[in-house]
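Reader: I'm new to this one. Can you walk me through it?
Author: Sure. Take a look, then ask away.

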Amino acid sequence: MSILDNRETLAKQIWQVAEVAGYLWQKGWAERNGGNITVNITEYVDDGMRKMEAISEARPIGTVLPHLKGCWFYCKGTQRRMRDLARAPMDNGSIIRITDDCAHYEIVADNPIAPTSELPSHLAVHDYLLGKGSPYRASLHTHPIELVAMSHNPKYLEKDVLTKLLWSMIPETKAFAPRGLGIVPYMMPSSKELADATIKAINEDYDVVMWEKHGVFAVDTDIMAAFDQVDVLNKSANIYMCARSMGFEPDGMTDAAMQELTDVFKLPK
């Protein structure tokens, strides 16, 4: 019996994660076990779940995250493939709860699958988001091909250079990714330094952060919304690269056209 049985709202959230995992694999953004997903599911936890015994001993997070006391998360499992998670999310991920000391987690269901090795950095972002009263409950790390390729050019790593270029490729990009793309210089994957730099970029009002030569980290209200932001940004990168492969530098939308979009759709300045 699965924890999802007879829990329709919770099951809907988990199967949305599975749907996104399938898209990541289909797009080639999730080679082998690449990428991670964590979703704060606390609002979908019922009294029956709260009474459940853990199926693992409490494990250290590596830091104290005071805003996560009593929170519950669905996490992709470490060394698990997105293509497998898409087909069987509870065999390739786990539901965890944060203990009252805010420094440990325990696995509750369905299987004792260790969460992603990047769990501490994901949880640190969730702690920051809850601390500032954000409605964002989902975090996504993936490897979008064209965006990663562009991060190998130093000129695109200057603040908001890539944001402006991507916005100018197609109107929908600014409309659906209105906060643009933050940039974090290359740092060791899974490191505290990378987590801190990502939080700093999110604090500067970015929802999607480019990790140089690695991938992107996105946050939003749910996992589909986070995926959508990455999808539209990478679409613009693809348009730019297609134009360059045809032998010309695309003009892009003018500053005036982008300002008109901002005004009409009341987008962030």
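Reader: Where is Ala54 found?
Author: This is a predicted model. Ala54 sits in the loop between helix H2 (47-50) and strand S2 (59-60).

Reader: Is Ala54 buried, exposed or partly exposed?
Author: Partly exposed. The relative accessible area of Ala54 is 26%.

Reader: Which residues does Ala54 touch?
Author: Leaving out residues up to four places away in sequence, Ala54 touches Arg97, Glu106, Ile107 and Val108.

Reader: And how far apart in space are Ala54 and Ser151?
Author: They are 42 Å apart, C-alpha to C-alpha. In sequence, 97 residues separate Ala54 and Ser151.

Reader: New topic: the sheet. What is the order of the strands?
Author: The order is S2-S5-S4-S3-S1-S6-S9-S8-S7. That makes an open sheet of 9 strands, with mixed pairing.

Reader: Which strands stand at the edges?
Author: S2 and strand S7 (181-184). Each has a single partner strand, so one side of each is left without a neighbour in the sheet.

Reader: What about S3? How many residues of strand S3 are buried?
Author: S3 covers residues 72-76, and 5 of the 5 are buried. So S3 is largely enclosed by the rest of the structure.

Reader: Which way do the S3 residues point?
Author: Trp72, Tyr74 and Lys76 point one way from S3. Phe73 and Cys75 point the other way. All of them are buried, Lys76 included.

Reader: How does strand S1 pair with S3?
Author: S1 (residues 36-40) and S3 are antiparallel, with 3 bridges. Val39 is opposite Tyr74 in S3.

Reader: And how many bridges join S3 to strand S4?
Author: 5 bridges, and again the strands run antiparallel. S4 spans residues 93-98. Opposite Phe73 is Ile96 in S4. Opposite Cys75 is Ser94, also in S4.

Reader: Is S4 mostly covered or mostly uncovered?
Author: Mostly covered: 6 of its 6 residues are buried. Gly93, Ile95 and Arg97 point one way from S4. Ser94, Ile96 and Ile98 point the other way.

Reader: Arg97 came up with Ala54 too, right?
Author: Yes, Arg97 is one of the residues that Ala54 touches. Arg97 itself is buried in S4.

Reader: How do S4 and strand S5 pair?
Author: In the antiparallel sense, over 4 bridges. S5 runs over residues 104-109. The bridge partner of Ile95 in S5 is Ala109.

Reader: How many residues lie between the strands in the hairpin of S4 and S5?
Author: There are 5. In that hairpin, Cys102 takes a positive phi near 60°.

Reader: Let's switch to the rings. How many aromatic pairs are there?
Author: The count comes to 4 aromatic pairs. One of them is Trp29 with Phe227. That pair is tilted: 6.1 Å centre to centre, with 45° between the planes.

Reader: Which parts does the pair of Trp29 and Phe227 tie together?
Author: Trp29 lies in the loop between helix H1 (8-26) and S1, and Phe227 lies in helix H9 (residues 223-245). These parts are 198 residues apart in sequence, so the pair ties distant stretches of the sequence together.

Reader: Are Trp29 and Phe227 buried or exposed?
Author: Trp29 is buried, with a relative accessible area of 2%. Phe227 is buried too, at 4%.

Reader: Why is the pair of Trp211 and Phe217 called stacked?
Author: The ring centres of Trp211 and Phe217 are 5.7 Å apart and their planes are at 25°, so the pair is stacked. Planes under 30 degrees apart count as stacked. Trp211 and Phe217 are both buried.

Reader: Which residues form one aromatic cluster?
Author: Tyr23, Trp29 and Phe227.

Reader: Last topic. How many cavities of 30 Å³ or more does a search of the whole structure find?
Author: It finds 1. The largest cavity holds about 30 Å³ of space.

Reader: Which residues line the largest cavity?
Author: Val184, Pro185, Tyr186, Met187, Leu194, Trp211, Glu212 and His214. So Trp211, from the stacked pair, turns up here as well.

Reader: What does the lining look like by class?
Author: The lining has 6 nonpolar, 1 polar and 1 charged residues.

Note on methods: Residues are numbered from 1 along each chain as its sequence is written. This is a predicted model: local features need pLDDT of at least 70, side-chain atom pairs count only at pLDDT 80 or more; totals for chains, interfaces and linings use all residues. Side-chain values use heavy atoms; hydrogens and water are left out. Helices (H or I, at least four residues) and strands (E, at least two) are DSSP runs, numbered from the N terminus. Buried means under 20% relative accessible area, exposed over 50%, partly exposed in between (1.4 Å probe, protein chains only). Contact means heavy atoms within 4.5 Å. On a 1 Å grid over the protein atoms alone, a cavity is a set of points where a 1.4 Å probe fits but cannot get out, and a pocket is an open set with protein on both sides within 12 Å along at least five of seven lines; lining residues have an atom within 4 Å of a point. Grid points are joined across faces, edges and corners, and a volume is the space filled by probe spheres set on the points. Ala, Val, Leu, Ile, Met, Phe, Trp, Tyr, Cys and Pro count as nonpolar, Asp, Glu, Lys and Arg as charged, and the others, Gly among them, as polar. Two strands pair if DSSP finds at least two bridges between them. Rings of Phe, Tyr and Trp (its six-membered ring) pair if their centres lie within 6.5 Å; planes under 30 degrees apart count as stacked, over 60 as edge-to-face and the rest as tilted.
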